[in-house]
Amino acid sequence: MPADSSPGLAGETPARSAERTQRSAAIRQPSASVTGAVEVRRSARRSRTVSAYREGDRTIVLIPARMSEAEEQRWVGVMLDKLAAQESKRVIGDSELVDRAERLSGQYLGGRARPASVRWVTNQNTRWGSCTPAEGSIRLSHRLQGMPEYVVDYVLLHELAHLLVPGHGPRFWRLLETYSRTERARGYLEGVVAAERLPHLPGAREE
């Protein structure tokens, strides 16, 4: 699924988009919808940015008024994951990465992937992880630190699979089929990339 760098109009017909614009212009306060402990607030003044913050026992997610329902659901998931990551101060060390790699290899790859080294690196800003099969080494970008554990596990498992299959052909993806959070982790990372491409206004509660 490609990262969407311009949330707000995708998936809407012109008629529906115009209807939303008229409805948003008719009110002064952002519209709001509440699902459980998450409150989504739509604002006509917010054209491109998406943000979120905690308010008591609720999570407030601010989105553009013209964003489609499908995009709203996707961005709520992305922002909840990002908040959880920001609130987690626990950083996995290199030694724990090795232990996690052994566990993931045993659980999903029959223990066949046996890396010689697994470590964090700070020189990978355009990819989340890499490996050198000839050396058995795996490197994860420091940008993953603080992200949900299932995301880190996915990237680590992805690189472990490359120790067995170098390319991204059907055989490679079959190795990841048993990891149930593959699509969710990929969606999270795509959302992070898309969010980083959006212009951000200062302040946590800009509308």
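Before I begin, a word on classes: Ala, Val, Leu, Ile, Met, Phe, Trp, Tyr, Cys and Pro count as nonpolar, Asp, Glu, Lys and Arg count as charged, and the others, Gly among them, count as polar. What you see above is a predicted model, in which local features need pLDDT of at least 70 and side-chain atom pairs count only at pLDDT 80 or more, while totals for chains, interfaces and linings use all residues. Residues are numbered from 1 along each chain as its sequence is written, and side-chain values use heavy atoms, with hydrogens and water left out.

Let me start with the largest pocket. A pocket here is found on a 1 Å grid over the protein atoms alone, as an open set of points where a 1.4 Å probe fits, with protein on both sides within 12 Å along at least five of seven lines, and a lining residue has an atom within 4 Å of a point. The space in the largest pocket comes to about 330 Å³, where volume means the space filled by probe spheres set on the points, and points are joined across faces, edges and corners. Its lining has 13 residues, and those nearest the centre are W128, Y154, H158, R186 and L189. Two or more lining residues come from each of α4 (149–164) and α6 (182–197), and α4 gives the most, with five; helices and strands are DSSP runs numbered from the N terminus, with H or I over at least four residues for a helix and E over at least two for a strand. By class, the lining has six nonpolar, four polar and three charged residues.

How do α4 and α6 pack against each other? Their angle is about 100 degrees and their axes are 9 Å apart, an axis being a line fitted to C-alpha atoms over the stretch in contact, and the angle running from 0 to 180 degrees between N-to-C directions. The two helices are therefore roughly perpendicular, given that angles of 65 to 115 degrees are counted that way. On the α4 side the contact (heavy atoms within 4.5 Å) is made by Y150, V151, Y154 and V155, and on the α6 side by T182, R184, A185, R186, Y188 and L189. Seven of these residues are nonpolar, one is polar and two are charged.

Helix α4 also packs with α3, residues 94–108, at an angle of about 70 degrees and with the axes 10 Å apart, so this pair is roughly perpendicular too. Among the α3 residues that meet α4 are L97, L104 and Y108, and among their α4 partners are V152, L156 and L160.

Now to single residues, beginning with H162 in helix α4. H162 is buried, at 7% relative accessible area, where buried means under 20%, exposed over 50% and partly exposed in between, with a 1.4 Å probe and protein chains only. Leaving out residues up to four places away in sequence, H162 touches C131, P133, G167, H168 and F172.

In strand β7 we find I138, which is buried, with a relative accessible area of 0%. I138 touches several α4 residues listed among its contacts, including L156, E159, L160 and L163.

Finally, is Q145 buried or partly exposed? Q145 sits in the loop between β7 (137–141) and α4, and at 33% relative accessible area Q145 is partly exposed. Not counting neighbours within four places in sequence, Q145 is in contact with V91 and W120.

Definitions and conventions. Parallel < 35°, antiparallel > 145°, perpendicular 65-115°, else oblique.
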